[in-house]
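Me: I have a few questions about how the terms are used here. Please keep the replies short.

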Amino acid sequence: MTEKSSIRKLIGSVTGGGLKENLQVRLSVPPQQVQEGSFIVIDSQEWFFYGIATDLQLQAVDPRYALEPSRQRLPENLAGLLDQQTLYTNLVVLPALMLEQEPADPEAQMAWHKAIEAGDKEKPNPLPVKSIPVHHADAFLASAGDVAEIFGKPEEEGNFVIGFTREQDHPVCVNLDKLIQRSSGIFGATGSGKSFLTRMLLAGLIDRNRASVLVYDMHNEYGLDDTASDTGQNVRGLRSGFGAARVQVVGVGAGAAIRGSVPDFNLVLGYRDLLPEDIELLTLELNLKETTPTVLDALKQSFGSDHWFKAFKEMRRGAVIENEDGKKVPAPDSVAYWANQCGVNQMAAEGLHDKLRRLFNRPYILENPPADSIQAVMDALKKGKHIVLSFGDFESDLDYLLISNLLTRRIREEWEKITNEFRSGKGQEPRPLVIVVEEAHKLLNRDMASQTTFSTIAREMRKYYVTLLVIDQRPSQIYDEVMSQLGTRVCGWLGDEDDIHAALSGLAGRDALRGMLSRLQPKEEVLLLGWGVPMPILVRSRRYDEQFWKDVKSNRKVGLDQEQVIKKLYPD
Amino acid sequence: MEKIIVGRLLRSNTRACVVGCPPAQQFPAFGSLVSIPLSETEVVYGLIGDIHIDDDGLVRQLATAPSVDEAVIQDNRLNRNVPVEMTVLFVGSKTENRISHLLPARPPLSLDCMYLCSTQELCEFTAGSRFGYLRHILDAQDVPAADLLAAHLAQAGAAQRAQGNSAWFGQAAARIITQLRDDYPRLMPILETLADVENA
């Protein structure tokens, strides 16, 4: 046993298994001392193997020992001795990583370190598991050092403590740089603590200044203080926590108020902001017909991209006049008149007009808004500020889909433009941006994913410094192609089999992790998975409370300057 | 203290021997540890696994008599020519003060003397956490293994307890379980027999 092993808690030894069917560890401690999801270290000669406990099974040397309690036949002490040797618990460990150990022999150890210092040998790093430990290798519950070795030290720049290991409370970090390099997801059934987890992660991102954050805050939860629905306690919002200099709350619509507070500025759309493709994205919500693209294209051809909305809105539906023959014909300002003039099916045009009436009446869409608020949002993000876009009273799916799509489309265009400028040597490197999308399945479901900007971002905007953080309670409703692109997944309790399957899609060992997801303790535990974490791990999530904010403030580190952050994130 | 001869060897093989003992003498109890010196530096240890008293012609005749005088009974018991025979199961040896739980290299010869081991010797032979000699009992074919184990563990346990090692009995039981845990039908009756020792 190496020196490091001696500070860990020995729990048993390896008795079998393999890479495909996981490792079997016979426990030498009562089963209650090890729980599903525990971080396990196996010390096998020159290697450490790291894995996660996925199952506990009661076993007996002979089934007859288990069938009848030995105490019924034998005195207490003999029965105890018999049970000790014939009844045992098998722990199933999903191996994930292996790490070369330094030699135990002091001389060899010195030579080993010298070789690393001289560059003759690479410093050992955790590798994806490619072999298995030997028989009877000792298995331990991970120590704080092991957790730090794999998940990073809390004091290191870029690391953020998301929670603690279940049994021993060792802090588990996520690397924020890695988190934002690819799109990520936070999943969990309603009441599983998604919002608290999201607040916490966002606070980490903002505090460490790793990227600008744009939150589509459909339910007005993240910007300003809120009251917890279960405890009734005050929950601090991101702007309250970091101040308006770093986090700005943007309200939808002129004169919008968010929970009675005035936002930092308002988002008002101009008619010319709306493009026909923005309408097409609302096909499901507005129940648009298959003729819609044709009608929209005709509108664009007739009035141009900037004026089609105004022109269409001002048309009258069903307006008729009498012609010279006294016959009723469509009035020149009617939808039918325009349709006839442009060779568009009249009923299709009138049908679209009827359906767009819901948009025509939205108070946050004005002909001449006082300022280009979309540009203001983008400028703030480019400057390194963080935006919480609160929908205020506009909480309907229509408002959410329209605004988030439109704004994201603009952001995508802008970030593509500045990235291309940067790559051609004409501009500064773009500021990384994370777009936080609640109720993501509404934007990224199978029917819409191919059309929305969000799926493009999930698939390829990493190259343009933009990634998504999707938050959803129904991951099964999100398009598979998008799910497969999510680097880091933070999963709270999920009950539905399809959701569990979706949350684990594309991950190794998902069969072993499936049961774990359905047995997580709501509001307390989450499973960290995916590319962004070295291996799956179950953590007791950190509490989002006043203590959290005290910690954030007391541990606040001087952030790297933007250039350093970008270089670290995108070395290419 | 000079050791008292319990009996002399009648026949033997590498696993066991039979020792004859004068009927008048008080012979050792079932399960007792005995020793048979092979030379000045080599001793074979065994457990009394069976005690049998054979009949002779006179006993047969007396057994059919309507009444037998007490003096005749005592005379027959004390002065008979047929010895009490004890089967001794070899469990180890001592060579130059080094105890081994292996079978002796060669069996003792006829008329070699057999002695009853003292408590001190019993503790010495069963000391430590090595219980290798128990396998000879468990493997024995012609002796009641469960009862022999029970008798031996009762005696050795008491001796060890007297010397302050009260954990000995449990350690021995654990060793028996280790050896027989894959054989449920054999182990459970043995443990039930040991339970009787515990309860006694």
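Me: How many residues of chain B are in contact with chain A, and with how many of its residues?
Reply: This is a predicted model. In it, 19 residues of chain B are in contact with 14 residues of chain A. Together the two chains bury about 1,500 Å². Of that area, 62% is on carbon and sulfur atoms.

Me: What makes the pair Glu192(B) and Arg73(A) a salt bridge?
Reply: The cut-off is 4 Å, from a side-chain nitrogen of Lys or Arg to a carboxyl oxygen of Asp or Glu. The side chains of Arg73(A) and Glu192(B) meet at 2.8 Å, N to O. That is within the cut-off, so the pair counts. The count between chain B and chain A is one salt bridge.

Me: Why is H2(A) called oblique to H6(B)?
Reply: H2(A) covers residues 76-86 and H6(B) covers residues 168-180. Their axes come within 10 Å and cross at roughly 40°. Roughly parallel needs an angle under 35 degrees, and roughly perpendicular runs from 65 to 115. The angle fits neither class, so H2(A) is oblique to H6(B). The crossing is right-handed.

Me: Which residues make that contact?
Reply: H2(A) gives Leu78(A), Leu81(A), Leu82(A) and Gln85(A). H6(B) gives Gly170(B), Ala173(B), Ala174(B), Ile177(B) and Thr178(B). They divide into six nonpolar, three polar and no charged.

Me: What makes H5(B) and H6(B) roughly antiparallel?
Reply: Their axes cross at roughly 150° and come within 9 Å. Angles over 145 degrees count as roughly antiparallel, so this pair qualifies. The contact has seven nonpolar, three polar and no charged residues.

Definitions and conventions:
Residues are numbered from 1 along each chain as its sequence is written. Chains are lettered from A and ligands numbered from 1 in the order in which they are written. This is a predicted model: local features need pLDDT of at least 70, side-chain atom pairs count only at pLDDT 80 or more; totals for chains, interfaces and linings use all residues. Side-chain values use heavy atoms; hydrogens and water are left out. Axes are lines fitted to C-alpha atoms, for helices over the stretch in contact, and angles run from 0 to 180 degrees between N-to-C directions. Helices (H or I, at least four residues) and strands (E, at least two) are DSSP runs, numbered from the N terminus. A crossing is left-handed if the near helix is turned anticlockwise from the far one by less than a right angle, and right-handed if clockwise. Contact means heavy atoms within 4.5 Å. Ala, Val, Leu, Ile, Met, Phe, Trp, Tyr, Cys and Pro count as nonpolar, Asp, Glu, Lys and Arg as charged, and the others, Gly among them, as polar. Buried area is the accessible area (1.4 Å probe) that two parts lose on being put together, summed over both.
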